[in-house]
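Visitor: Please take me slowly over the outer surface of this model, since I am new to it. What can be said about the residues there?

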Amino acid sequence: MSARLKSIPSFPSDEAAEDFVANADLSEYDLSQFKPMRFELEPKSASLNMRLPAALLDAVKARAKARGIPYTRYVRMLLESDVARHRRS
């Protein structure tokens, strides 16, 4: 089915991309190469310094790399997810 879908064109500016998204029927386009994006809106005002076994840090870095994100963001996502899960309980 994706063979019948159009490729997303290149845009010369953000404004051109915004206009395209606002006016195009995106169901006609192949969006399979897109990845979910998470925006961080809250400013980071505190820091955390941890000592970990090297094997654990290597595993964390490998998982982050597989997701295509920096390992510090991956660790923050794990923390946020755990805290949010416990808030719902």
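Guide: Residues are called buried under 20% relative accessible area, exposed over 50% and partly exposed in between (1.4 Å probe, protein chains only). The model is predicted, so local features need pLDDT of at least 70 and side-chain atom pairs 80 or more, while totals for chains, interfaces and linings use all residues. Numbering starts from 1 along each chain as written, and side-chain values use heavy atoms, without hydrogens or water.

Serine 32 is a good place to begin, as its relative accessible area of 59% makes it an exposed residue, and it is found in the loop between α1 and α2 (helices are DSSP runs of H or I with at least four residues, strands E with at least two, numbered from the N terminus). Between serine 32 and asparagine 49 there are 38 Å from C-alpha to C-alpha, although in sequence the two are 17 residues apart. Leucine 48 also has its place in the loop between α1 and α2, and with a relative accessible area of 62% leucine 48 is exposed.

Leucine 48 leads on to a wider feature, for together with Met50, Leu52, Leu56 and Leu79 it makes a nonpolar surface patch of about 480 Å² (nonpolar side chains within 5 Å, or like charges within 9 Å, on residues over 30% accessible and without a salt bridge).

Glutamate 28 is another residue of the loop between α1 and α2, and its partner lysine 6 is found elsewhere in the chain. The side chains of lysine 6 and glutamate 28 meet in a salt bridge, at 3.1 Å from N to O (a Lys or Arg side-chain nitrogen within 4 Å of an Asp or Glu carboxyl oxygen). This pair links distant parts of the chain, since lysine 6 belongs to the segment before α1 and glutamate 28 to the loop between α1 and α2, 22 residues apart. Lysine 6 is partly exposed, its relative accessible area being 42%, and glutamate 28 is likewise counted as partly exposed at 34%.

By this rule the count of salt bridges comes to 2, and in another of these contacts the side chains of aspartate 82 and arginine 85 meet at 3.1 Å, N to O. Aspartate 82 and arginine 85 are separated by about one helical turn, because they are 3 residues apart in helix α3, which covers residues 71-88. Aspartate 82 counts as partly exposed at 36% relative accessibility, and arginine 85, with a relative accessible area of 43%, is partly exposed as well.

On helix α1, which takes in residues 14-23, we find aspartate 19, and this aspartate is partly exposed with a relative accessible area of 48%.

Are the residues of interest buried or exposed once we turn to alanine 64? Alanine 64 has a relative accessible area of 0% and is therefore buried, and its place is in helix α2. Although alanine 64 and valine 75 stand 11 residues apart along the chain, their C-alpha atoms are separated by 8.4 Å. Just after α2, the backbone at glycine 68 takes a positive phi of about 75 degrees.

Notes
Areas by Shrake-Rupley, 256 points an atom, 1.4 Å probe, with all protein chains shown as cover.
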